[in-house]
Amino acid sequence: MCPPSPDDAPATAAPDVPLVSVVIPTYYRNDRLGGTIESVAEQDHPTEIIVVDDSGEGHAEPVVAEFDVTYLDLDRNRGSNPARTMGAERATGEYVQFLDDDDRLLPGKLARQVDLLEGTEAGVAYCGMTYEDGRTVLPDSTVRGDVLESALAFAMSPCVTSTMLIDREMLDGVLPLPDRPGGDDLGLMIDLARRTSFEFVDDSLVRRGLIDDSRGKSPGLIRGRLEIVREYDDLYRAASPGVRADALANTYRLEGRMQLRDRRWSGAAVRSFARACYHAPSIRTAVPLGASLFGQPGMDAMQRVYQLTR
């Protein structure tokens, strides 16, 4: 009896490729939203796209109508985290990507992160990002695996919602996302870090928008971070010495930068940088304090020196 020829052998089924659900909350950003959706549609990986319109009046509907997406229209403005929660609850994928409506995924982002998560035990994969002004931020090589203390210290950049891909089972364990002031990502990172490990792709795979009216740049962002420090008091007590101080220092440094954003000089900014130095005295806090005495020109000079020494 002759052995079967290769042509007679049963066909091998292609392995299942996990679906990624991309949830895009949007709030009066029609000029950006179409490009954001297109960046997902152009990914070389199966996706479903869910747009959650947080305007309360269907403002994004004309843009969304041009694409094959699921459109959810909230009855009123509820905030970014409630919008993300609604989108995640509708999602059917094995992995979930939250994408801000002014950010864009770069080619290969989802496929590379799915491959990483499928090959490890991590429940979250993040990546680097490039701002519209050309600045690129890549992951810190030490912020992987157990990242709880990094998350508590607010030292996770460039890990933000748009750079993360999250295992659906892990995400279900932290839903609904709390509606904190400023809509910050940090509470989500802490909650995920309590449950799973993180990994990263050491490449810039997200183009990060720079929008003057971004809710992530509002004073509510600072209130939200201080609220997190109070809310997770038990975790900070159990963490290594200095983690809470680093969280406060990073918060006040951010506040100082925000206060100088539209001013040449600001006494309030100097006070914020001084508070950062008080909580965690080091070169990392003392140098910005000294630069802030010269206002925005001093901060710009500090940034140029930092870029030259990297």
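**View 1. Helices H10 and H12 side by side in a predicted model.** H10 and H12 pack at an angle of about 20°, and their axes lie 11 Å apart. Everything in these views comes from a predicted model. With angles under 35 degrees counting as roughly parallel, H10 and H12 are therefore roughly parallel to each other. H10 passes H12 in a left-handed crossing. On the H10 side look for Ala249, Asn250 and Arg253, which meet Arg284, Thr285 and Pro288 of H12. Sorted by class, that contact has two nonpolar, two polar and two charged residues.

**View 2. H11 against H12.** Here helix H11 (residues 267–279) packs on helix H12 (residues 283–292), with axes 9 Å apart and an angle of about 165°. The two helices are therefore roughly antiparallel. H11, too, passes H12 in a left-handed crossing. The H11 residues to pick out are Val270, Phe273, Ala274, Ala276 and Cys277, and they meet Thr285, Ala286, Pro288, Leu289 and Ser292 in H12. This contact of H11 with H12 breaks down into eight nonpolar residues, two polar ones and no charged ones. Thr285 and Pro288 turn up here, and they also belong to the H12 side of the contact with H10.

**View 3. H8 running along H10.** The axes of helix H8 (residues 220–231) and helix H10 (residues 243–259) come within 10 Å and cross at roughly 175°. That makes H8 and H10 roughly antiparallel to each other. H8 brings Leu221, Ile222, Arg225, Leu226 and Val229 to the contact, while the H10 list is Arg244, Ala247, Leu248, Asn250, Thr251, Tyr252, Leu254, Glu255 and Met258. In terms of class, there are nine nonpolar, two polar and three charged residues in the contact of H8 with H10.

**View 4. The loop from H5 to E8, with Phe154, Ala155 and Pro158.** Ala155 sits in the loop between helix H5 (148–152) and strand E8 (165–167). Ala155 is partly exposed, at a relative accessible area of 39%. Beyond its neighbours within four places in sequence, Ala155 touches Val143, Ser150 and Asn250. The C-alpha atoms of Ala155 and Val143 are 8.7 Å apart, with the two positions 12 residues apart along the chain. Phe154 is in this loop between H5 and E8 as well, but Phe154 is buried, with a relative accessible area of 8%. Phe154 also has a positive phi of about 60°, although it is not a glycine. Further along, the Ser157 to Pro158 peptide bond is cis, with omega near 10°, and Pro158 is found in the loop between H5 and E8.

**View 5. H7 and the cis proline in the loop ahead of it.** Eight of the eight residues of helix H7 (residues 186–193) are buried, so H7 is largely enclosed by the rest of the structure. The buried residues are Leu186, Gly187, Leu188, Met189, Ile190, Asp191, Leu192 and Ala193. In the loop between helix H6 (168–172) and H7 you will find Pro176. A cis peptide bond joins Leu175 to Pro176, with omega about 0°.

**View 6. Tyr28 and the annotated domain.** Tyr28 is in the loop between strand E1 (20–26) and helix H1 (30–41). Its phi is near 55°, a positive value in a residue other than glycine. Tyr28 is partly exposed, with a relative accessible area of 36%. An unreviewed UniProt entry lists residues 21–136 as "domain: Glycosyltransferase 2-like". Over residues 21–136 the chain is 32% helix and 28% strand, with the end C-alpha atoms 26 Å apart.

Key
Residues numbered from 1 in each chain as written. Predicted model: local features only at pLDDT ≥ 70, side-chain atom pairs only at ≥ 80, totals over all residues. Heavy atoms only, no water. UniProt positions renumbered as here; feature names shortened; annotations may be inferred. Helix = DSSP H or I, 4+ residues; strand = E, 2+ residues; numbered from the N terminus. Axes fitted to C-alpha atoms, helices over the stretch in contact; angles between N-to-C directions. Parallel < 35°, antiparallel > 145°, perpendicular 65-115°, else oblique. Left-handed = near helix turned anticlockwise from the far one by under 90°. Contact = heavy atoms within 4.5 Å. Nonpolar A, V, L, I, M, F, W, Y, C, P; charged D, E, K, R; others polar. Buried < 20%, exposed > 50% of the residue type's maximum accessible area, 1.4 Å probe, protein only.
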